[in-house]
Amino acid sequence: ISQEEVCDLLHAAPFQNILPRVHVKEGERLDAKMKRLEAKYTALHMVPLVERLGTPQYGCSPSNRHRPGGNLLTKERLFCGLSMFEVILTRVRAFLDDPIWRGPLPSNGVMHVDECVEFHRLWSAMQFVYCIPVGAHEFTVEQFFGDGLHWAGCMIIVLLGQQRRFDILDFSYHLLKVQKHDGKDEIIKSVPLKKMVDRIRKFQVLNNEIFAILNKYLKSGDGENMPVEHVRCFQPPIHQSLASS
């Protein structure tokens, strides 16, 4: 269970009559002390209150079928770590079955290099634009949307199985590597190179964090039955002079 989900469960516990064990001094009885604690917080127990006082006007009538289900789901998460996020990822993956997300088969039999027919190439172009520093009175993409756009883009890339190709072929990452090697700090077409590289590095760190979280949830449900990754071996290209001989 993630840290955020643990906090949610701890906040919900008093309202579900889930109380922590209390400290017992010498000569005190644990059961008597727990009963006093339960009686003290009985008014917070929401399920009996809904059953007794709920009205259809607010969607919490005694006959509401979602009431016991919600209570059970919250309790069960303590034992088996249920997560809605994993279910949503699986559902979104089922929507990405259109060939337009992956493009045709590569002509070289391995992967597309110069062609821009896969989603990760489109996202690379968008990210390159995001990394361009803005003017004095302009807003950055993160000021408008926060991390939401990067969560959406990285999620689609991971669900399509294009993360490694994105890391290798991304336009912004290539610029970051080149600038790290030559160390240039120039203004090219009104774009300060150093500021742009700093933004690229910032988004690279953000992308890696998002990829790590997504892969954690996508692989958590597999357990011991995680499929073996298949590795394809390709022969190196043969030079024309050697091929003719």
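**Exercise 1. Locate S190 and K189, and characterise their backbone and exposure.**

*Solution.* S190 is placed in the loop between β1 and β2, where helices (H or I, at least four residues) and strands (E, at least two) are DSSP runs numbered from the N terminus. This is a predicted model, in which local features need pLDDT of at least 70 and side-chain atom pairs count only at pLDDT 80 or more, while totals for chains, interfaces and linings use all residues. Residues are numbered from 1 along each chain as its sequence is written, and side-chain values use heavy atoms, with hydrogens and water left out.

Step 1: the backbone. Phi of S190 is near 65°, a positive value in a residue other than glycine. K189 also lies in the loop between β1 and β2 (191-192), and its phi, near 55°, is positive in a residue other than glycine. For background, most residues other than glycine have a negative phi.

Step 2: the exposure. The classes are buried (under 20% relative accessible area), exposed (over 50%) and partly exposed (in between), with a 1.4 Å probe and protein chains only. S190 has a relative accessible area of 70% and is therefore exposed. K189 reaches 79% and so counts as exposed.

**Exercise 2. Describe the overall architecture of the chain and the confidence of its prediction.**

*Solution.* Step 1: count and order the elements. The chain has 12 helices and 2 strands, and along the sequence they follow the pattern α-α-α-α-α-α-α-α-α-α-β-β-α-α.

Step 2: assess burial and contacts. The chain comprises 245 residues, of which 27% count as buried. Taking a contact as heavy atoms within 4.5 Å, residues 24 or more positions apart account for 67% of the contacts with a separation of 6 or more.

Step 3: assess the surface. About 17900 Å² is exposed by the chain, and carbon and sulfur atoms supply 60% of it; accessible areas come from the Shrake-Rupley method with a 1.4 Å probe, and for residues only the protein chains shown count as cover.

Step 4: assess confidence. The mean pLDDT (the predictor's confidence in each residue, from 0 to 100) of the chain is 79, and 81% of its residues reach 70 or more. Confidence is lowest in helix α4 (residues 66-80), with a mean of 58, and highest in helix α8 (residues 148-159), at 93.

**Exercise 3. Which parts of the chain does the salt bridge between R165 and E118 link, and is each partner buried or partly exposed?**

*Solution.* Step 1: identify the pair. A salt bridge is a side-chain nitrogen of Lys or Arg within 4 Å of a carboxyl oxygen of Asp or Glu. R165 and E118 meet this criterion, at 2.5 Å from N to O.

Step 2: place the partners. The pair links distant parts of the chain, 47 residues apart: R165 belongs to helix α9 (residues 163-169), and E118 to the loop between α5 (84-95) and α6 (119-131).

Step 3: compare exposure. R165, at 23% relative accessibility, counts as partly exposed, whereas E118, at 7%, counts as buried.

**Exercise 4. Analyse further salt bridges in the structure, which holds 6 of them.**

*Solution.* Step 1: a pair within one helix. The side chains of K194 and D198 form a salt bridge at 3.2 Å, N to O. Because they are 4 residues apart in helix α11 (residues 193-220), about one helical turn separates K194 and D198. K194 is partly exposed at 37%, and D198 is partly exposed at 40%.

Step 2: a network. E142, R199 and K202 are joined into one network by salt bridges that share partners.

Step 3: another pair. D31 bridges to R29, with the closest N and O atoms 2.7 Å apart. D31 is partly exposed, at 37%, while R29 is exposed, at 57%.

**Exercise 5. How many disulfides does the structure contain, and how accessible are C7 and C116?**

*Solution.* Step 1: apply the criterion. With a disulfide taken as a pair of cysteine sulfur atoms within 2.5 Å, a search of the whole structure finds 0.

Step 2: examine the cysteines. C7 is partly exposed, at 34% relative accessibility, and C116 is exposed, at 54%.
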